[in-house]
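This report describes selected features of a protein structure for a reader who is new to the subject. Please keep the structure in view while reading.

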Amino acid sequence: MKKLLLIVLISAPFIAQLVVLPFVNRIDPIIFGLPFLQFWLFLWIVLTPFCTLGIYQLQKSEGSLD
Amino acid sequence: MQQGNLTALSITIFIILTVVLIGFLAGRDKATRSSVEEWSVGGRRFGGLLVWFLVGADLYTAYTFLGLTSTAYTAGSLAFFAIPYSVLAYFISYFFLPKLWKVANEHKLTTLADYARERFDSKLLSSLIAIVGVLMLIPYICLQLSGIQDTLQVAGTGFINVKVVVITSFLLVALYTFFSGIKGPTYTAIIKDVLVWAIMLFMVVSLPIMHFGGWNPMVDKIVTEAPHLLTIPESGPKGITWFITAAFVSSLALFMWAHAATGVFTAKSADAIRKNALFLPLYNIVLILVVFLGFIAFLVLPDGTDPRFALLALIQTSYGGIGQGLAYSTIALASLIPCSIMAIGASNLFANNIYRDLINPRVKGPKLTMITRGMVFVVIGLALLFGLVFPQALVSLQLLGVSGMVQIFPAIVISLFWRNQSREATIIGLIVGLVVTFTVYSTGTSLGIYEGFWGLMANFATVVVLNPFFGKKAKHSSNAVKKYLFDQSSKEEQLVRKGA
């Protein structure tokens, strides 16, 4: 279970910021004053640190942080 | 060129001189230049916050702001590739930088090439990495040079001889770097980062209000008048495939740069580096909004404005006087301070990994420290020379910098995790990667994919295919770094297996 979570946290930033780009490459809808593509990139500036933090906590709880 | 602005010019020059003075004061204590380790990585005593400022100051340069806005001005949303690129670079760094820092700390290493030498017992590899590093970094220093040059040119036309002022300011930077080492740029980096944040936020808030009555009306106007700017082109030589591969390769390359590595090695603990990996993406909150300033320039400036001056011209038309002075001095500092860190990184490679590893292996102690420090003048001198005399010859090297730098990724990062990676396969892979990158670039056969991506794939493939031929030797040989990296963890693994 923890392993699965770890894999999700590691791959999410890559999938969101590289793989799915062709699908978010659009202007509408405009959210918080940002066209969708820019909103999406902005969102992942904020979400990526949470992925890193999650990985850090997982490693810490497993004691695999050297 | 149109007449400059005297108020703006005076403020810019005043702030530059203040910062240079602080750079000198930072090195009052003689200890800052007592050894290569003190001078180049501050004796590895910097805490998380200081490293954050330093790495941030390092990576968000004048070129970042001027280059991205001018890309936005001409090529629209392609400029946003810098966002996923740097966010992912910090994310990836979480997985290898702490480990690399620990090896460097344990074995008193100050450059990435030092690490490769100790890891693979190969001076050939370390000097190769150093040559690539210096060759790619000097054009990058030149870019910083053009940053300050453009600033002074727009503000100072009609008042000063721009070239003389540029040369003087760079010599001052070389002098304070020689004198204070990494302490110089660290303290000034804080001033620069605070100014960058304040000024960029100020511009992002005020420019849309001045020209369009607010952020939302501005976005509406771009949507109706220039919607092509807001999405990435679906095809063409630089389309979405280019965007994705460029972002990916650049993110792997970021910490391969000598100046980035210098910044990282100043940290006092692996945990300080983890914290940095966590918080560095936040720098991009400002950056993504700054790209929009390029769109404003597109809508506001008269047709035929040189894209290179897009941001600078926008600032001059919009503010003039004091506002322009503060903005320009921020950009000038964003050009001088990274330049200082880059010069430290390049001098270190020059002295330790080209001069010592290749030419005079017996040099050490105070003499090596002096040579390393003296190299600052050589590096900045070369950058000045090329920048002022052959600006055109540098364009290719600048375009290929990232693609070239990323080729050392297998030697530096993969080798932290793969015990049996052999020196021979790594060296051949590095060379193949460089050759493929340059060939694809010069023949124009990239097929819409970033050049460095082709090179890196060729590099990886070469290492994987050739390694079985040399891997046996690598498997049986060992050294201090290998022991440190692999033997402990294999013991732990055995324990875990026994426990399970």
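## A helix and its length

The expected span of a helix is 1.5 Å times one less than its number of residues. The model shown here is predicted, and helix α20 of chain B, residues 423–443, offers a case to which this rule applies. With 21 residues, α20(B) should span 30 Å, and its end C-alpha atoms are indeed 30 Å apart, so the expectation and the model agree.

Which residues of α20(B) are buried? They are Glu424(B), Ala425(B), Thr426(B), Ile427(B), Gly429(B), Leu430(B), Gly433(B), Leu434(B), Thr437(B) and Val440(B). Just after this helix comes Gly444(B), which adopts a positive phi of about 65°.

## Aromatic pairs in chain B

Over all chains, the count of aromatic pairs comes to 26. One of them is formed by Phe24(B) and Tyr176(B), whose ring centres are 6.2 Å apart. Their planes meet at 70°, and the pair is edge-to-face. Phe24(B) belongs to helix α1 (residues 6–25) and Tyr176(B) to helix α8 (residues 162–180), so the pair ties together parts of chain B that are 152 residues apart in sequence. Phe24(B) has a relative accessible area of 22% and is therefore partly exposed, whereas Tyr176(B), at 1%, counts as buried.

Tyr90(B) and Phe255(B) also form a pair: their ring centres lie 6.3 Å apart with the planes at 65°, which means that the arrangement is edge-to-face. Tyr90(B) is in helix α5 (residues 82–106), while Phe255(B) is in the loop between α11 (240–253) and α12 (258–265), so parts of chain B that are 165 residues apart in sequence are tied together. Tyr90(B) is buried, with a relative accessible area of 0%, and Phe255(B) is buried as well, with 4%.

## Charges over rings

Two arginine residues of chain B are placed over aromatic rings. The charged end of Arg119(B) sits over the ring of Phe120(B), at 4.7 Å from the centre of that ring. Arg373(B) lies over the face of Phe178(B), and the distance to the ring centre is 4.2 Å.

## Aromatic and nonpolar groups in chain A

In chain A, one aromatic cluster is made up of Phe32(A), Phe36(A), Phe39(A), Trp40(A) and Trp44(A).

A nonpolar patch on the surface consists of Val46(A), Leu47(A), Phe50(A) and Leu53(A), which together have about 310 Å² of accessible area. Of these residues, Leu53(A) lies in helix α3 of chain A, residues 36–62. Its relative accessibility is 32%, so Leu53(A) counts as partly exposed.

Technical notes:
Residues are numbered from 1 along each chain as its sequence is written. Chains are lettered from A and ligands numbered from 1 in the order in which they are written. This is a predicted model: local features need pLDDT of at least 70, side-chain atom pairs count only at pLDDT 80 or more; totals for chains, interfaces and linings use all residues. Side-chain values use heavy atoms; hydrogens and water are left out. Helices (H or I, at least four residues) and strands (E, at least two) are DSSP runs, numbered from the N terminus. Buried means under 20% relative accessible area, exposed over 50%, partly exposed in between (1.4 Å probe, protein chains only). Rings of Phe, Tyr and Trp (its six-membered ring) pair if their centres lie within 6.5 Å; planes under 30 degrees apart count as stacked, over 60 as edge-to-face and the rest as tilted. A charge sits over a ring if NZ of Lys or CZ of Arg is within 6 Å of the ring centre and within 35 degrees of the ring normal. Patches are made of residues with over 30% relative accessible area and no salt bridge: like charges are joined within 9 Å, nonpolar side chains (Val, Leu, Ile, Met, Phe, Trp, Tyr) within 5 Å. Accessible areas come from the Shrake-Rupley method with a 1.4 Å probe; for residues, only the protein chains shown count as cover. A salt bridge is a side-chain nitrogen of Lys or Arg within 4 Å of a carboxyl oxygen of Asp or Glu.
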